[in-house]
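Let's take a walk through this one together. Have the viewer open and follow along as we go.

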Amino acid sequence: MWSAFPLLLVCAPLVSMSRASTDLSISVREYPLSHCPAVESPTAVSTDWFFRILVTSLFAVAIWLLAMPWVPAIAQCTMHRFHLRTGSFAAWAVQQPIPPMYSFANTTEVCDQLPDHTLSSRGVDHRGMINHFPTRVFTWASGRATHLRDGASKWFVLRSAYRGHGVDSVYRLDRSRDGGWTVSLVEGDAS
Amino acid sequence: MSSANAGLRIAPAVQIGSPAMTEVNAASSDAERQLRLVLSGMLIGLLWKLSYFAGADHVYASVPLQDNFFPVWLQQAASLRLAYLTAALAISIAWFVRSLAVRRAALLLSGSASTVMLLHQGSYNDMTFTTLWWCHVWALWISTRIGTDPDDRLHRKAAFLSRLMLSVVLLGGAVGKWTGEYWSGEVFYEIYFRDRDFWVFNLLRLWFDAETLAWIAMAYSRKVILVETIAGLVLWLMPPRWAALTGVVIFSSIALLSNWLLFSVLAPLIGLSLVGWYVRR
């Protein structure tokens, strides 16, 4: 049953686009002139390529999402997206429209000491689970205001887990001379 | 020809694509109403957390982060501020204007601003800008077809596209929860049930002990997974009005039962859901 869904999703855009095209062609041929004031030509409706591209893109996104539980590379790709560790910003940006609300088991730890080689945290100021994008614990306004107000360097240990796979990241934030903060990826691990 | 024209109500000297035709049709069409509904949802979503965003703007300006991952201009508080204000203004203009060309330009501008907010260091994680972006895409599309497509076909296509987008959004939320930590209720327990200050969870903590609370969290979590999964898979196939009702109920209940602030994410989706209500048959 589950294997039929990808097939359905591949065929669905073809069906929906042909149906939309059929609807339009019917409306052009048979649409009563009395209901369409001042239509001078039955070819007035132009081909809606924007619609076709959108429908195809949406089905592509749906297939990507539905494949994630069974294709570890997709899950890893999305977890790396959550940790801001995608290979390039452009590759990360392309994924951003893909809806990821409340995805994965994401945990965050904020430490005032360097975690050891097992990523076990020491000096943990804050520990918790988060809905998505665990990096927001230091990029989002509330995170910055909460964790960076004392001016001391901080380590952020982030974990995302999904169906036996996981991504771990350790970020270090240091106060810079100009008053800002420098973000460094100290360690990154994927399993 | 003469029989075909019998009963024809012809606006004087009106031709396809002429300003007179586009303005007359645009003013009264269902597609026009659908667009305004979605724009309303987008504006509500954008302004729902206005006070929070104003405070965030101050934090971003006073606590800047330098991160090699983001382009420099997408780390600056000023670019985010400009994008936010541009989006709010341009959506408002698109709502009020009658001129199709001005509306398309306004939506193009607000869509660009929305893309900036989707990618900015200070806002990439907020799903407000993800749902806003998808609504922008829908709004931009329909704005290119109003005045071009026959209205009775256009508003059906619009409703279909909205259902498809909503299905994908729900699917995106569902698939990420197909994991043991959500099925056991652990994640929702930690995020909401343990200590979130919201009327639902405050009452539950008052009435039940920790063990029962954990069981309720598991039931709550499984309910969310099932609802999002089923709706994500079938919403796009449903009759338009049923899909409209289902979407409004699902998205409203998420915010009402977990977090008022989520209306910033969900108001655009509620507007997009209501698009289907205009399809009468």
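What follows looks at where two chains meet, then at a pair of helices inside one of them.

Keep in mind that this is a predicted model. Start with the contact between chain B and chain A, which takes 73 residues from chain B and 74 residues from chain A. Together the two chains bury about 6600 Å², and 71% of that area is on carbon and sulfur atoms.

What about charges and polar groups across the contact? There are two salt bridges between chain B and chain A. To find one of them, pick out B:R145 and A:D48, whose closest N and O atoms sit 3.5 Å apart. The count of residue pairs in polar contact between the chains, both at pLDDT 80 or more, comes to 24.

So much for pairs; now for the elements on the chain B side. Those that each supply at least two residues to the side touching chain A include α4 (50-62), α6 (100-119), α7 (127-145) and the strand β1 (65-66). The biggest giver is α8(B), with 13 residues. Sorted by class, the chain B side has 45 nonpolar, 16 polar and 12 charged residues.

Stay with α8, residues 151-175 of chain B, and bring up α13, residues 240-258 of chain B: their axes come within 11 Å and cross at roughly 35 degrees. The crossing of α8(B) past α13(B) is left-handed. On the α8(B) side you'll find B:R163, B:L166 and B:L170, which meet B:P240, B:A243, B:I250 and B:F251 in α13(B). By class, that helix contact has six nonpolar residues, one charged and no polar.

Conventions: Residues are numbered from 1 along each chain as its sequence is written. Chains are lettered from A and ligands numbered from 1 in the order in which they are written. This is a predicted model: local features need pLDDT of at least 70, side-chain atom pairs count only at pLDDT 80 or more; totals for chains, interfaces and linings use all residues. Side-chain values use heavy atoms; hydrogens and water are left out. Axes are lines fitted to C-alpha atoms, for helices over the stretch in contact, and angles run from 0 to 180 degrees between N-to-C directions. Helices (H or I, at least four residues) and strands (E, at least two) are DSSP runs, numbered from the N terminus. A crossing is left-handed if the near helix is turned anticlockwise from the far one by less than a right angle, and right-handed if clockwise. Contact means heavy atoms within 4.5 Å. Ala, Val, Leu, Ile, Met, Phe, Trp, Tyr, Cys and Pro count as nonpolar, Asp, Glu, Lys and Arg as charged, and the others, Gly among them, as polar. Buried area is the accessible area (1.4 Å probe) that two parts lose on being put together, summed over both. A salt bridge is a side-chain nitrogen of Lys or Arg within 4 Å of a carboxyl oxygen of Asp or Glu. A polar contact is a pair of N or O atoms within 3.5 Å; within protein, one must be able to donate a hydrogen and the other to accept it, and residues adjacent in sequence count only if both atoms are side-chain atoms.
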